[in-house]
Amino acid sequence: MALVPYDDTHLWGMQKLHQPSSVYSFANHTIQIKQNWKQLGVAAVVWDAAVVLCTYLEAGDVELRGRSVIELGAGTGLLGIVAVLLGAHVTITDREAALEFLRSNIQANLPPDIQSRAVVKELTWGQNLSSFSPGEYDFILGADIVYLEETFPDLLQTLDYLCADHTVILLSCRLRYERDQNFLTMLKGIFSVREVHYDPSNDVHIFKAWRNNQKREL
């Protein structure tokens, strides 16, 4: 979501973030994602949390075929692209400044006959939520969107607005700092939350959240 140009000295030695593109294989498709660190910062590179959540979805623990999905803070669009390839109808969202870049990756990687299942839409958390229909989505996806503490209240408001009784939220993230744990505590104040996957090689956690009155499993 955030268009924050990190200082190069604060990167984890991830030279791949500065490459003009990165290539992945999901859902029997080769996906080539353009990156543009210099122009859009964190919104225009693929983070490990997105790759881990894509891998989790592809493994089949979650059935996306025919389901309605919204992705928050989509950035490069990799996660939303994979969700469409797995059969979902996906609303792929980010802030206005990232949308042109996001659309270019979606158009380049989705076959023409299924591009209609991907809708790109502006969403700044906590703002103009009435342009979205609460209860419309079966799944809410977010990859590495928990990192700016000042956005936590707006993110929680957005999740609360979009989530119906049947909706499942899947968030993948690293727990880098105390503030990340604080977000989980805040999330648990609204939803039931449990960790469903941990990738030790990337130090990425996937959390499932749902309304407290929701009983069913994925």
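Contact here means heavy atoms within 4.5 Å, and that is the sense in which the first legend speaks of residues being covered. All of the views below come from a predicted model.

**View 1. Helix α5 and what covers its buried residues.** Helix α5 spans residues 152-162, and its buried residues are F152, L155, L156, T158, L159 and L162. Looking down the axis of α5, you will find these buried residues within an arc of 160°, so they line one face of the helix. The spacing has a familiar background: an α-helix has 3.6 residues a turn, so residues three or four places apart point the same way. The cover over the buried residues of α5 includes the strands β3 (68-72), β6 (139-143) and β7 (168-173), along with helix α6 (178-188).

**View 2. L57 in the largest nonpolar core.** This core has 42 residues, and L57, L64 and L170 are those with the most contacts inside it. Which residues does L57 touch, leaving aside neighbours within four places in sequence? They are V62, L64, L79, L86, L141 and L170. A second core, separate from this one, has 26 residues, among them W125, Y137, L171 and F183. As a general backdrop, nonpolar side chains in soluble globular proteins tend to be buried together.

**View 3. The hairpin of β1 and β2.** Strands β1 (residues 21-26) and β2 (residues 29-34) run antiparallel and are joined by six bridges. To find your bearings, start at V23, whose bridge partner in β2 is Q32. Two residues lie between the strands of this hairpin, and A27 takes a positive phi near 55°. N28, in the loop between β1 and β2, also has a positive phi, of about 60°, although it is not a glycine. N28 is exposed, with a relative accessible area of 82%.

**View 4. D144 in the loop between β6 and α5.** Here is another residue other than glycine with a positive phi, this one near 55°. For context, most residues other than glycine have a negative phi. Is D144 buried or exposed? D144 is buried, with a relative accessible area of 8%.

**View 5. Two lysines over aromatic rings.** K121 lies over the face of F132, at 4.2 Å from the ring centre. In the other example, K208 lies over the face of W210, at 4.5 Å from the ring centre. As for rings paired with each other, the structure holds one aromatic pair.

Technical notes:
Residues are numbered from 1 along each chain as its sequence is written. This is a predicted model: local features need pLDDT of at least 70, side-chain atom pairs count only at pLDDT 80 or more; totals for chains, interfaces and linings use all residues. Side-chain values use heavy atoms; hydrogens and water are left out. Buried means under 20% relative accessible area, exposed over 50%, partly exposed in between (1.4 Å probe, protein chains only). Helices (H or I, at least four residues) and strands (E, at least two) are DSSP runs, numbered from the N terminus. The arc is that of the directions from the helix axis to the C-beta atoms. Rings of Phe, Tyr and Trp (its six-membered ring) pair if their centres lie within 6.5 Å; planes under 30 degrees apart count as stacked, over 60 as edge-to-face and the rest as tilted. A charge sits over a ring if NZ of Lys or CZ of Arg is within 6 Å of the ring centre and within 35 degrees of the ring normal. Two strands pair if DSSP finds at least two bridges between them. A nonpolar core is a set of buried Ala, Val, Leu, Ile, Met, Phe, Trp, Tyr and Cys residues joined through side-chain atoms within 4.5 Å.
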